[in-house]
Every structure is written in C-alpha cells, then in structure tokens.
Amino acid sequence: MKRTLALGGVAAGLLASAAIAAPAHADEVPAVNLANTNYAAQQVAAFWYGQHKANLISATPYAVETTVPTKHVSTGGVSASDKAGVVGSSGDQKAATGNLKNVNLPKTTGKVFFIGADDKPHWCSATAVQGQYKNLVATAGHCVYDTKSNATTLDKWVFIPGYYEGKTPWGIYVGKTAYTHYDYSVYEDGDRDYAFVTVYNGVIPTEGGTSGGKYESRVYPTKWAAEWAKKKLENDKTTGYSKLQVVEINKLSPKYGKETAVSVADFAAWNAGKDLKGNGPWAEGTSASAPVEIKKEDYRSWRDSYVSRDGSTLFWRVKAAAPAAAASPAASPAASASASAAPAQPEYRYFKRTFTAKVFKGYKVVGFGLSIGLKDVGTLGSNVGGQGLAYNQKIGTGIFEFGYPSGSHPDGNYAFSGKTQKWAYGKTFKAAAPSVKAEELVGIKSSFTGEGSIGSAWLYRYSNTKRLGYLNGVTIAVSDTDGNKRIDTNVSPYFDGETLAVYKTAAANWSGKIV
C-alpha cells in the first residue's frame with residue numbers, strides 16, 4: 001500500500017527494525033550492516049565453505065508465508081508514479097519473447113543463503129544487478145529482513161550465482177549492507193517487499209581449505225551475565241562464531257574460592273598425573289576424603305574402578321590376600337592334601353571416596369569459530385554481469401521470470417526440486433494480496449511453486465543472446481487464483497520511482513575485498 005510519510009518526497013528507507021524511526025530528511029537513508037568488517041565476512045564465508053559445504057547442502061527453502069490468496073485488480077491498484085525508464089549498463093536491446101523454444105538462462109541468477117529465525121540454513125532466489133561498483137544483488141525483502149522473529153536482518157547472508165548442489169562456480173559473495181523501502185522495514189508493507197544488498201568481492205577456498213577452533217569466553221559470576229554475553233556475540237556482526245552455548249564451570253581458587261564438593265573429573269584435572277586412590281599430596285585448594293570401605297554388594301561394576309553416574313564419587317577395589325586354608329581334624333590325609341592343592345580364590349576389598357575444592361563457580365560462553373584460507377575472485381558484476389533496472393513500466397508488459405522454484409502444488413503434485421534454475425514468461429496485470437499487506441502488486445501467469453521461488457528475478461526486455469535485461473520485479477508470493485489446487489500466478493511489488501531511489505542509494509556504495 002502507498003504511504004505518504006510526514007517527511008515528504010520519496011520514502012526510501014533502509015532495512016531496519018520496526019523500532020528505527022523514519023529518516024529526518026528524505027535524502028537520508030540509514031544503512032543496516034550484514035557483515036561490516038573483513039573478519040566478519042571471512043567468518044561468514046568459512047561457515048558456508050566449512051565441513052565440506054554441509055550447511056549449503058543441507059539448506060532448505062525459506063519457509064515463510066509464500067502461497068497466499070491473490071486476486072486480479074481491474075480498477076484502482078498500482079499505477080505509474082512518473083514516466084517509464086530504465087537504468088543499467090546492459091543497454092537497450094531487442095527483447096526476447098515467450099515463443100522461444102530454448103531460453104539461455106542468465107548467469108546473474110543464483111541463490112542467497114542465510115540462517116533463519118529457527119537457527120537453520122535456508123535459501124531464496126536472487127539476481128545480480130548492475131551498479132557503480134558491480135556489487136549489487138536484488139531479492140525479496142523477506143529474504144533479508146527477518147519477519148519471523150522481528151530481528152533486524154537474517155544472519156550469515158551470502159549470494160552464490162549459479163549455485164548447484166554444493167558447487168559455487170563463481171565463488172561466494174558475502175552480504176555487506178542491505179537496503180529496502182522504509183514502508184517495508186517498518187510496516188512490513190508487501191507492496192514494498194524488495195531489497196538491494198551490496199556484497200563484497202567473491203571468494204573461493206585456497207588449497208589450505210577450512211579448519212575450525214574452539215571459542216571460550218572469560219568466566220562470568222552468574223548465568224544471566226553469561227547469557228547476556230552470548231546474546232551480544234550473536235548480535236555483533238564483527239564476530240563469526242557458531243553453536244554458542246552457556247556452560248557451568250568450577251574454577252579452582254585456593255585464595256578466594258568456597259569449599260565445595262566437586263566432580264571426580266574436575267578434581268582429576270586439577271591433580272593431573274596423580275593416583276586418585278592414593279594419599280596425595282593434592283594440589284593447593286583441593287582435598288580428598290578418607291577412603292571408606294563398602295560392602296561387595298554396594299560395588300556396581302566388574303571393573304577395578306569407576307565413577308558414579310552423577311560424577312561425584314570414585315569407587316575402586318583392591319585385591320586382598322587369600323586366608324590360609326585350615327585342615328579339619330576329622331579330614332582324611334587324602335582330603336587334606338586335596339584341599340591344600342586347590343588354588344585360593346582372589347578376594348577384594350571395596351572402597352569409595354569423594355572430593356572437595358575451593359572453587360569459584362561461574363559460567364562460560366563456549367562455541368566454535370571457523371577459519372578458512374580464502375582467495376579473492378573479483379567483483380560480482382565482473383564475473384557474471386548485472387541486470388539493469390526498469391521502473392514505471394506499463395501494465396501488460398512481457399516479463400521473463402528466472403529463479404529456483406521448489407515444492408509441490410496445493411494438490412500435492414511435486415513440480416520443482418529447487419536444484420536447478422527455471423524460467424517462465426507472462427504479461428503483467430494488476431493484483432493484490434491483502435494477507436501480506438499488499439494492495440498494489442503486479443502478477444504474471446507462472447507455475448513457479450514453493451518458497452524457493454521467492455526472490456526470483458522478473459526481467460523486462462530480456463535478450464536471449466546477451467542474457468541480460470532490466471529487473472522489473474521480484475517474486476514475493478505464489479497463488480492458486482482459480483481454485484484448482486495448482487499454482488498459476490506469481491506476484492511482485494510494482495517497481496516505480498521509489499524503487500529507483502532505493503536502488504540508486506544501494507548502487508552508489510562500495511564494498512571492497514575481504515582478503
């Protein structure tokens with residue numbers, strides 16, 4: 001829906017949380033960082049390249065609201081706010097038509113990967129767009145902005161053009177800064193559900209590959225303090241750690257610690273190399289109880305020693321000397337000889353003990369940090385090119401759609417796998433989807449299904465020879481408009497002068513290298 005902001009003029013805002021106020025002036029566009037340092041970007045790339053690209057391979061389409069009721073709008077609806085135009089370096093060219101038998105797929109199309117609100121890896125479709133620094137990606141706004149948890153942005157965001165089953169033919173491009181319309185970032189207005197993201201130069205692993213290392217924070221006195229530190233690390237885009245968790249620890253402190261029962265494992269660590277069944281001497285601040293002899297039936301193992309299930313008690317056994325066999329006065333000489341010849345059965349004595357130490361009890365944040373050898377492969381545009389941008393185009397324009405549709409139709413027919421790039425062709429018409437706060441969309445007839453379709457590029461005047469055209473929309477939802485349980489329509493925000501303003505702001509920002 002169109003909104004008239006108090007600040008007047010073009011309401012082009014940047015991806016931000018709902019708490020961020022509108023810019024003080026129309027020409028101010030605040031930036032939201034995805035990875036704002038080289039180190040952070042390196043760690044993001046390592047996350048996706050690490051463990052033999054396991055996170056890439058296991059990623060699933062982003063399960064947000066995708067299949068929604070839409071309707072054709074015959075009166076009202078979207079309209080051009082100014083005269084039509086195009087920008088970009090692809091140049092004016094003879095457009096392809098939907099009658100082509102063989103469509104040459106664009107190199108610019110790929111997938112964006114990120115961590116969703118469920119802390120699992122997901123992906124959407126996206127495309128490279130021409131910009132001043134050849135570093136721009138366009139996709140749906142909800143493939144950048146986390147509408148599920150209301151976090152500012154999705155984590156570990158990267159673009160991979162030409163992605164196929166773990167292959168990254170032109171490298172990984174880590175997102176640096178994300179831009180979208182103010183109405184989407186604040187109101188989640190579906191009519192403005194698009195985003196432009198600047199990306200760093202692409203990288204591929206060097207021959208050294210990837211490796212990992214453990215992370216441990218300092219000791220915090222309370223669990224609350226450790227949880228707060230963990231949250232701060234997770235929200236800090238200058239770090240790149242994963243699988244962070246808070247663990248309880250006991251730190252030996254002979255001077256300031258409090259005497260308390262400790263586990264056998266902790267006591268052994270503080271007394272490395274010493275026999276815990278012996279008499280010490282023990283490390284300063286630690287002590288062991290005197291061995292307590294127990295009955296055989298209280299010993300719960302066939303081994304010579306073991307630790308109780310709760311880890312607090314050490315149990316062990318030692319061989320005892322066998323008692324001498326006494327001959328019975330009534331026994332015959334032969335029986336006495338037989339008894340003395342029989343071997344004595346070994347007998348054991350059984351013991352247990354517990355341990356104490358002067359400890360400072362606290363909590364640590366632990367996790368895993370990835371490191372990687374990376375090689376720079378240049379800018380996104382230098383490797384795959386970039387689509388231009390078209391805006392204020394008339395309704396009824398022919399459009400090619402390129403993306404990675406996935407999933408089944410409502411009737412259960414599994415139409416697309418999401419593994420390979422697909423295309424569709426249709427002419428735009430006015431549409432609306434109230435469930436996603438969208439009253440002024442454009443639609444095309446398309447059978448693209450599932451969440452993988454989200455972010456698919458709509459290209460105006462697409463050249464089948466040059467594989468370039470002008471971006472004139474991005475898929476934000478799919479729909480079954482005739483009720484036959486088959487997806488027949490895809491919808492996009494209408495690209496107008498306000499879209500152009502967001503694009504221009506993003507396209508003018510440099511990203512640079514990360515290695």
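In this predicted model, P281 is found in the loop that connects α4 (264–270) with β14 (286–288). The peptide bond leading from G280 into P281 is cis, its omega lying near 0°. Most peptide bonds are trans, and most residues other than glycine have a negative phi.

**Backbone with positive phi**

Two loop residues, N392 and K485, are set out below with their phi values and surroundings.

| Residue | Phi | Loop | Relative accessibility |
|---|---|---|---|
| N392 | near 55° | between β19 (388–391) and β20 (398–403) | 4%, buried |
| K485 | about 65° | between β28 (477–479) and β29 (489–493) | 49%, partly exposed |

N392 is a residue other than glycine, yet its phi is positive. N392 counts as buried because its relative accessibility is 4%, under the 20% cut-off. K485 is likewise not a glycine and has a positive phi. At 49% relative accessibility, K485 is classed as partly exposed, because the exposed class requires over 50%.

**The six-strand sheet**

An open sheet of six strands runs in the order β4-β19-β27-β26-β20-β23, with mixed pairing. Its edges are formed by β4 (85–87) and β23 (422–427), each of which pairs on one side only. On average, neighbouring strands in this sheet are turned by 35° against each other, direction ignored. Strands β19 and β20, which flank the loop holding N392, both belong to this sheet. At the β4 edge, β4 and β19 run antiparallel and are joined by three bridges. Within this part of the sheet, G85 stands opposite Y391 of β19.

Note on methods
Residues are numbered from 1 along each chain as its sequence is written. This is a predicted model: local features need pLDDT of at least 70, side-chain atom pairs count only at pLDDT 80 or more; totals for chains, interfaces and linings use all residues. Side-chain values use heavy atoms; hydrogens and water are left out. Helices (H or I, at least four residues) and strands (E, at least two) are DSSP runs, numbered from the N terminus. Buried means under 20% relative accessible area, exposed over 50%, partly exposed in between (1.4 Å probe, protein chains only). Two strands pair if DSSP finds at least two bridges between them. Axes are lines fitted to C-alpha atoms, for helices over the stretch in contact, and angles run from 0 to 180 degrees between N-to-C directions.
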